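Let's take a walk through this structure together, starting from one pair of strands and working outwards. Keep the 3D view open as you read.

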Amino acid sequence: MDFPALGLTLRLASVTTLVLLVVATPLAAWISSGRGWGRRVMQAVVALPLVLPPSVLGFYLLLGLSPRTAIGRMLIAVVGHSLAFTFWGLVVGSVIFSLPFAVQPLVAGFSGVDRGLVETASVLGAGWWVVFARVIAPLARMSFVTAAVLTFAHTVGEFGVVLMVGGDIPGVTRTLSISIFDQVQEANYAGANRAAIWLVLLSFMALLAVYARGRGQGLGVRD
Amino acid sequence: MELVPHHRLQVVADVGALRMDVALAFAAPWTVIFGPSGSGKSSLLRAMCGLLPGAQVSFERRDADEWTAVEELRTAQRKLGYAPQQAALFPHLNVRKNVGFATAQRPKGRAAWKRAEAVVEGALELFALGDLEDRMPRELSGGESQRVNLARAFVVPGARLMLLDEPFSGVDRKQRDAMLPKMKSWLAELDLPVISVTHDVDEALLLGAEVVRLELGQVVAQGPAAEVLAEERVRMLANLG
């Protein structure tokens, strides 16, 4: 069993989930707070990873992080190296790749809060932030759980982006899904099976957590 | 003596199939907007709150001798106490927290917090909610929810106008009659004018020093309750005859 790969996978999924909750919450709050072209364009951009092949996303990320681009040069100046083929490069790739899995449940949750409550709160003097913190977020709390679990589970199962951005460096960027691929290539089916069972278990536990918290509402985002 | 208006309102809007075109000045401490269902009463209140999209609204408040254009302010900055028609209680907050929603937003120091608590306490007592303060909205009856809705509007700090949409729907008459004098003295103490909405002739007579009668989005009469509603009574009798 490739335990370093399992550890790396869990660490990557945890960090990605935390980063994405921080990034996706304001983004989802903005998207759900009105209409207009800006919001539609943002929704389409956020949903892109759902339809793009992971290799395309990974390819552009690899190009974007290279020393030929301004971002790549800035990263080298700040952290001393490009993020490609490092753990933090994987985090960047995973955050972008899992963005819709965090943003979409939150948008659905925030939009599902009764407009009457939001309006009443604002007439009673609550500004945008207070309405969000005291009315929308608590009423949409299940959608945070859904977003976190889906992001975690999706990151655990990532393959294409991780392979493109991270390569396959044991202990550094070789996650469990890549480890399975490697073992199958080496005809080590027993090893691949042991790793695959871990992925099945992790995914099942994540989904069970959502269904258990949702009291039978499944992936529904309303509380 | 002619009273000086505390608020002036002009609304031109299409609300569904209704063409609303209203110009009003509110001078009485308590004005009742009276009219049948679908006459646009609630839409007028929503226009004052800034919640009527697409409407042309001019809404002014008299501050000393100056008129402030309230319609230019964001909804949260309009200094309104508001009890919507549907109680719209926050389902995740208990009765006390619902009532104190507006006071809990900017606690500035211990003294201010204590003052806010005292106001909430007073509102709980006024609306006979003391025994219910730990209950959640789902555990309340319709009448109880409506009392929480009213109490929540009464504690908005620095409110300049109270907007009550069908304030006594679901509240039994005995309770309404017991609450009303206390509500009036609370409001008089704060010098806080009220605009309420009703379709109930009795309620309008009971409450209104001034009644605005609304029909199909137009003001058809405005004046003292006895006068405006006397015409209404005559018309009802004529219809019966």
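A good place to set your eye is B:Leu164, whose bridge partner in β8(B) is B:Ser196. This is a predicted model, and that pair is a handy way into one of the sheets of chain B. The two strands involved are β7, residues 161-165, and β8, residues 194-198, which run parallel and share 4 bridges. As a general reminder, strands of a sheet pair through backbone hydrogen bonds, in either a parallel or an antiparallel sense.

Now widen the view to the whole sheet. It is open and built from 6 strands of chain B in the order β6-β7-β8-β3-β9-β10, with mixed pairing. At its edges stand β6 and β10 (218-224) of chain B; each has a single partner strand, so one side of each is left without a neighbour in the sheet. Direction ignored, neighbouring strands here are turned by 15° against each other on average.

The β10 edge is worth a stop. There, β10(B) pairs with β9 (residues 210-215) of chain B in the antiparallel sense, over 6 bridges. Within this pairing, B:Leu214 has B:Val219 as its bridge partner in β10(B). The two strands make a hairpin with 2 residues between them, and B:Leu216 takes a positive phi near 45°.

Helices also lie across this sheet. Helix α4(B) lies across β6 and β7 of chain B and runs at about 165° to β7(B). Helix α5, residues 173-190 of chain B, lies across β3 (30-34), β7 and β8, and runs at about 125° to β3(B).

Next, move to another sheet of chain B. This one is open too, with 4 strands in the order β2-β1-β4-β5 and antiparallel pairing. Here β2 and β5 (66-69) of chain B are at the edges, and each has a single partner strand, so one side of each is left without a neighbour in the sheet. The average turn between neighbouring strands of this sheet is 20°, direction ignored.

Which residues pair with B:Val11 in this sheet? In β2(B) the bridge partner of B:Val11 is B:Val22, while in β4(B) the partner is B:Val57. Behind the B:Val22 pairing is the antiparallel match of β1 (residues 7-15) with β2 (residues 18-26) of chain B, over 9 bridges. These strands form a hairpin with 2 residues between them, and B:Gly16 in the turn has a positive phi of about 60°. The B:Val57 pairing belongs to the 6 bridges that join β1(B) to β4 (residues 56-63) of chain B, and those strands run antiparallel.

Chain A offers another architecture to look at. It has 11 helices and 0 strands, and its C-alpha trace spans about 65 × 45 × 25 Å along the principal axes.

Finally, see where the two chains meet. Chain B gives 22 residues to the contact and chain A gives 16 residues. Between them they bury about 1,600 Å², of which 68% is on carbon and sulfur atoms. How many salt bridges are counted between chain B and chain A? The count is 1 salt bridge, and B:Arg46 forms it with A:Glu119, with the closest N and O atoms 3.0 Å apart. There are also 3 residue pairs in polar contact between the chains, counted where both residues are at pLDDT 80 or more.

On the side of chain B that touches chain A, the elements giving two or more residues are α1 (41-49), β6 (80-83) and α4 (142-154) of chain B. By class, that side has 16 nonpolar, 3 polar and 3 charged residues. Two of these elements take you back to the first sheet: β6 of chain B stands at an edge there, and α4(B) lies across β6 and β7 of chain B.

Methods
Residues are numbered from 1 along each chain as its sequence is written. Chains are lettered from A and ligands numbered from 1 in the order in which they are written. This is a predicted model: local features need pLDDT of at least 70, side-chain atom pairs count only at pLDDT 80 or more; totals for chains, interfaces and linings use all residues. Side-chain values use heavy atoms; hydrogens and water are left out. Contact means heavy atoms within 4.5 Å. Buried area is the accessible area (1.4 Å probe) that two parts lose on being put together, summed over both. A salt bridge is a side-chain nitrogen of Lys or Arg within 4 Å of a carboxyl oxygen of Asp or Glu. A polar contact is a pair of N or O atoms within 3.5 Å; within protein, one must be able to donate a hydrogen and the other to accept it, and residues adjacent in sequence count only if both atoms are side-chain atoms. Ala, Val, Leu, Ile, Met, Phe, Trp, Tyr, Cys and Pro count as nonpolar, Asp, Glu, Lys and Arg as charged, and the others, Gly among them, as polar. Two strands pair if DSSP finds at least two bridges between them. Axes are lines fitted to C-alpha atoms, for helices over the stretch in contact, and angles run from 0 to 180 degrees between N-to-C directions.
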